[in-house]
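Please read the following report on the strands, helices and selected residues of one protein chain alongside its sequence and model.

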Amino acid sequence: MEQEHRFAVEVEWTGNRGSGTSSARAFEREHIVRAPGKPELAGSAAPVFRGDAARWNPEELLIAALSQCHMMSYFYAAVQHGIVVTGYRDAATGVIEMEGAAGQFTSVTLRPEVTVLPSEALTGDPGLADRLHDEAERLCFIARSVNFPVRHEPTTRVTSG
């Protein structure tokens, strides 16, 4: 049986300086992103698009969503294969190519640094922890939903705890 899950957010523009969008410089790009039961996110456009650098922009949020989804998918795959992850950090980047005023992401690169405990699974297959990123890529529903490549350049460290 197929399942359907729905998610909802509210975005409210707060950048009207009194004359609305009467010109490109007449308004701020600030907005608030809300979801029930969660803290508000202060959003804006990226600084390159006249936004506030102190606020989250949609480009960063998309990269963050891809990174978070990959991490959760990796954790799922790790559990399925008997790998115990004790640390995970990602330094993700994205590239947008502009054509005039329009643009699109052409790639996102995830650079997860994963710490795992020694295990029988790794003894029999030392590359398994790195290959689980391929499985995570196939599982991540956000990566499966975008029309550009999401690459990963993982680093795995095996530690005794």
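Two strands are said to pair if DSSP finds at least two bridges between them, where strands (E, at least two residues) and helices (H or I, at least four) are DSSP runs numbered from the N terminus. By this criterion β6 and strand β8 (residues 150–152) pair in the parallel sense over three bridges, and within this pairing T109 stands opposite R151 in β8. The model is predicted, and local features therefore need pLDDT of at least 70 and side-chain atom pairs pLDDT 80 or more, whereas totals for chains, interfaces and linings use all residues. Residues are numbered from 1 along each chain as its sequence is written, and side-chain values use heavy atoms, with hydrogens and water left out.

Strand β6 also has β5 as a partner: strand β5 (residues 93–99) and strand β6 (residues 102–110) pair in the antiparallel sense over seven bridges, with E99 bridged to A102 in β6. The two strands form a hairpin with two residues between them, and G100 in the turn has a positive phi of about 70°.

An open sheet of three strands, with mixed pairing, follows the order β4-β7-β9. Because β4 (85–90) and β9 (155–158) each have a single partner strand, they stand at the edges, and one side of each is left without a neighbour in the sheet. Direction ignored, neighbouring strands of this sheet are turned by 15° against each other on average. The pairing of β4 with β7 is antiparallel and extends over five bridges, one bridge partner being V116 in β7 for V85.

The pairings described above with their bridge counts can be set side by side.

| Strand pair | Sense and bridges |
|---|---|
| β5 and β6 | antiparallel, seven bridges |
| β6 and β8 | parallel, three bridges |
| β4 and β7 | antiparallel, five bridges |

Two helices lie across this three-stranded sheet. Helix α1 lies across β4 and β7 and runs at about 160° to β4, while helix α3 lies across β4, β7 and β9 and runs at about 140° to β9; axes here are lines fitted to C-alpha atoms, for helices over the stretch in contact, and angles run from 0 to 180 degrees between N-to-C directions. The axes of α1 (residues 58–80) and α3 (residues 128–139) come within 8 Å and cross at roughly 120°. The two helices are therefore oblique to each other, the class that remains once angles under 35 degrees (roughly parallel), over 145 (roughly antiparallel) and 65 to 115 (roughly perpendicular) are set aside. Among the residues that meet between them are H70, Y74 and Y76 in α1 and L132, H133 and L139 in α3.

How buried or exposed is T115, which residues does T115 touch, and where is its place? T115 belongs to strand β7 (residues 112–116) and is buried, with a relative accessible area of 12%, given that buried means under 20%, exposed over 50% and partly exposed in between (1.4 Å probe, protein chains only). Leaving aside neighbours within four places in sequence, T115 is in contact (heavy atoms within 4.5 Å) with V84, V85, T86, G87, R157 and T159.

S119 lies in the loop between β7 and α2 (120–124) and is likewise buried, with a relative accessible area of 17%. Not counting residues up to four places away in sequence, S119 touches G82 and I83. The C-alpha atoms of S119 and S23, which are 96 residues apart along the chain, are separated by 61 Å.
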